[in-house]
Amino acid sequence: MPPRIHYAWRRESVHVARVCARMDANGRKWAQMGANGAPGAVGLKRRRPARRQWDNGSKAMTRIEAHDAARRHWLAAGCGTLALAWLGLARPARAGTIAIGASSALIVVDVQNCFMPGGTLPVNHGDEVVPVINRLAARFGCVVTTQDWHTPGHVSFASAHPGSKPFDSIKLKYGRQVLWPDHCIQGTHDAELHPDLVVAPAQLVIRKGFHPDVDSYSAFVEADRRTTTGLAGYLRARGIKTLFVAGLATDFCVAWTALDARAAGFQVYVVEDACRAIDLNGSLAAAWKQMLAHGAHRIQSADVT
Ligand SMILES: [Zn+2]
């Protein structure tokens with residue numbers, strides 16, 4: 001894999017992080033949040049020791065000794081509380097503990113022929129997400145799928161830039177753009193959803209990347225970081241607050257979708273075993289780092305009740 005792709009991802013990730021910080025409606029800084037989006041600081045309540053602790057018969061403590069003992073007690077209690085909090089944030093969710101509620105939606109990202117083995121831009125083992133997503137989708141009251149939906153000669157295609165080749169990175173008016181093989185052209189078999197994907201539960205299909213001169217990894221905001229797909233408004237209008245994100249590829253369209261979802265104020269669970277990655281020179285690890293840093297949760301489909 002050409003290193004420049006990883007470089008592009010890093011540049012794009014930094015850009016997304018800046019957008020996230022700017023767009024945070026609540027005015028909080030993501031960087032100040034805990035690894036999984038919970039507030040990072042745990043308040044410790046100062047408690048005064050009971051008098052009997054420092055008035056102990058013949059072995060009575062001095063007031064200073066008692067103060068020190070009390071301080072040690074507070075520190076021990078505080079460290080214990082912090083350790084428990086840390087364990088609570090760091091440990092993976094237990095199986096069957098994350099509930100799908102009326103305000104939950106499943107976002108199925110780009111489960112299309114083009115990203116399957118044999119497609120024009122294949123993701124290794126991309127087809128393995130289909131049965132996992134089908135099982136999940138049947139349990140949601142709100143399901144949205146997305147499709148990469150390019151015009152012929154789209155700006156993201158290497159073939160549209162003479163002298164360039166797939167996986168080159170070029171500068172466009174909205175920023176850096178990785179160039180891809182021609183893929184997911186509107187109306188082609190390549191752009192159709194995988195034939196085994198049960199699409200009946202889906203109530204909305206978001207098609208993205210249809211502007212000839214703008215790409216869109218994210219289901220929410222196109223690559224110019226201004227043009228929205230309307231998805232956030234749709235979800236808010238339906239009272240959706242929590243998103244479960246699955247599909248292809250973890251380190252590109254899934255990650256950008258999850259990051260923009262966080263920026264839009266949604267709680268986000270990325271279902272790892274319902275995703276597959278391209279993983280170009282560390283792009284998968286970088287994507288998880290970004291998603292977790294911005295408050296998305298990394299879960300498995302078995303974690304969902
Ligand atoms: Zn595309």
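Reader: Which residue of strand 7 is the bridge partner of Thr-242?

Author: In this predicted model, strand 6 and strand 7 run parallel and are joined by 6 bridges. Within strand 7, the residue that forms the bridge with Thr-242 is Gln-267.

Reader: In what order do the 6 strands of the open sheet lie?

Author: The chain holds 8 strands alongside 6 helices, and 6 strands form an open sheet whose pairing is parallel. Strand 5 (202-208) and strand 8 (297-299) are its edge strands, each pairing on one side only, and the twist from one strand to the next averages 25°. Taken across the sheet, the order is 5-2-1-6-7-8.

Reader: Which residue of strand 5 is the bridge partner of Thr-146?

Author: Strand 2 (residues 143-148) runs parallel to strand 5, and 6 bridges join the two. For Thr-146, the bridge partner in strand 5 is Ile-206.

Reader: How many of the 10 residues of strand 7 are buried?

Author: Buried residues make up 38% of the 305 residues in the chain, which sets the background for reading a single strand. Strand 7 is largely enclosed by the rest of the structure, because its count of buried residues, out of 10, is 7.

Reader: At about what angle to strand 7 does helix 3 run?

Author: Helix 3 (residues 129-137) lies across strand 1 (104-109), strand 2, strand 6 (242-248) and strand 7 (267-276), and its buried residues pack against these four elements: strand 1, strand 2, strand 6 and strand 7. Relative to strand 7, helix 3 runs at about 140°.

Reader: How wide an arc around the axis do the buried residues of helix 3 cover?

Author: The buried residues in helix 3 are Val-129, Val-130, Ile-133, Leu-136 and Ala-137. They sit on the same side of helix 3, because the arc that they cover around the axis is only 130°.

Reader: Which residues touch the most other members of the largest nonpolar core?

Author: In soluble globular proteins, nonpolar side chains tend to be buried together. Here the largest nonpolar core has 71 residues, and the elements that give two or more residues to it include strand 1, helix 3, strand 6 and helix 4 (231-237). Leaving aside neighbours within four places in sequence, Ala-246 is in contact with residues that include Leu-106, Val-129, Ile-133 and Val-271. The members that touch the most others are Val-245 and Ala-246.

Reader: Which element gives the largest share of this core?

Author: Among the elements giving two or more residues to the core are strand 2, strand 7, helix 5 (250-263) and helix 6. The largest share is 9 residues, and the element that supplies them is helix 5.

Reader: How far apart are the axes of helix 5 and helix 6?

Author: Two packed helices are described by the angle between their axes and the distance between the axes. For helix 5 and helix 6 the angle is about 10°, which makes helix 5 roughly parallel to helix 6. Their contact is made by Thr-250, Asp-251, Ala-255, Ala-258 and Leu-259 of helix 5 and by Ser-283, Leu-284, Ala-287, Gln-290 and Met-291 of helix 6. The distance between the two axes is 10 Å.

Reader: Within what arc do the buried residues of helix 6 fall?

Author: Ser-283, Leu-284, Ala-287, Gln-290 and Met-291 are the buried residues of helix 6 (residues 283-293). They line one face of the helix, because, seen down the axis of helix 6, they fall within an arc of 125°.

Reader: Is Ala-285 buried or exposed?

Author: Ala-285 is found in helix 6, and its C-alpha atom is separated by 8.1 Å from that of Asp-251, 34 residues apart along the chain. Because 12 other C-beta atoms lie within 10 Å, and a count of 12 or fewer is the cut-off for this class, Ala-285 is exposed.

Reader: How many other C-beta atoms lie within 10 Å of Pro-181?

Author: Pro-181 lies in the loop between strand 4 (175-178) and strand 5, and, not counting residues up to four places away in sequence, it touches Thr-120, Leu-121, Ala-158 and Pro-166. The C-alpha atoms of Pro-181 and Ala-160, 21 residues apart along the chain, are separated by 9.9 Å. Pro-181 is partly exposed, and the number of other C-beta atoms within 10 Å is 16.

Key: Residues numbered from 1 in each chain as written. Predicted model: local features only at pLDDT ≥ 70, side-chain atom pairs only at ≥ 80, totals over all residues. Pairing = 2+ DSSP bridges. Axes fitted to C-alpha atoms, helices over the stretch in contact; angles between N-to-C directions. Contact = placed C-beta atoms within 7 Å. Buried ≥ 20, exposed ≤ 12 C-beta atoms within 10 Å, placed from the backbone. Arc of directions from axis to C-beta. Core = buried A, V, L, I, M, F, W, Y, C linked by C-beta atoms within 7 Å. Parallel < 35°, antiparallel > 145°, perpendicular 65-115°, else oblique.
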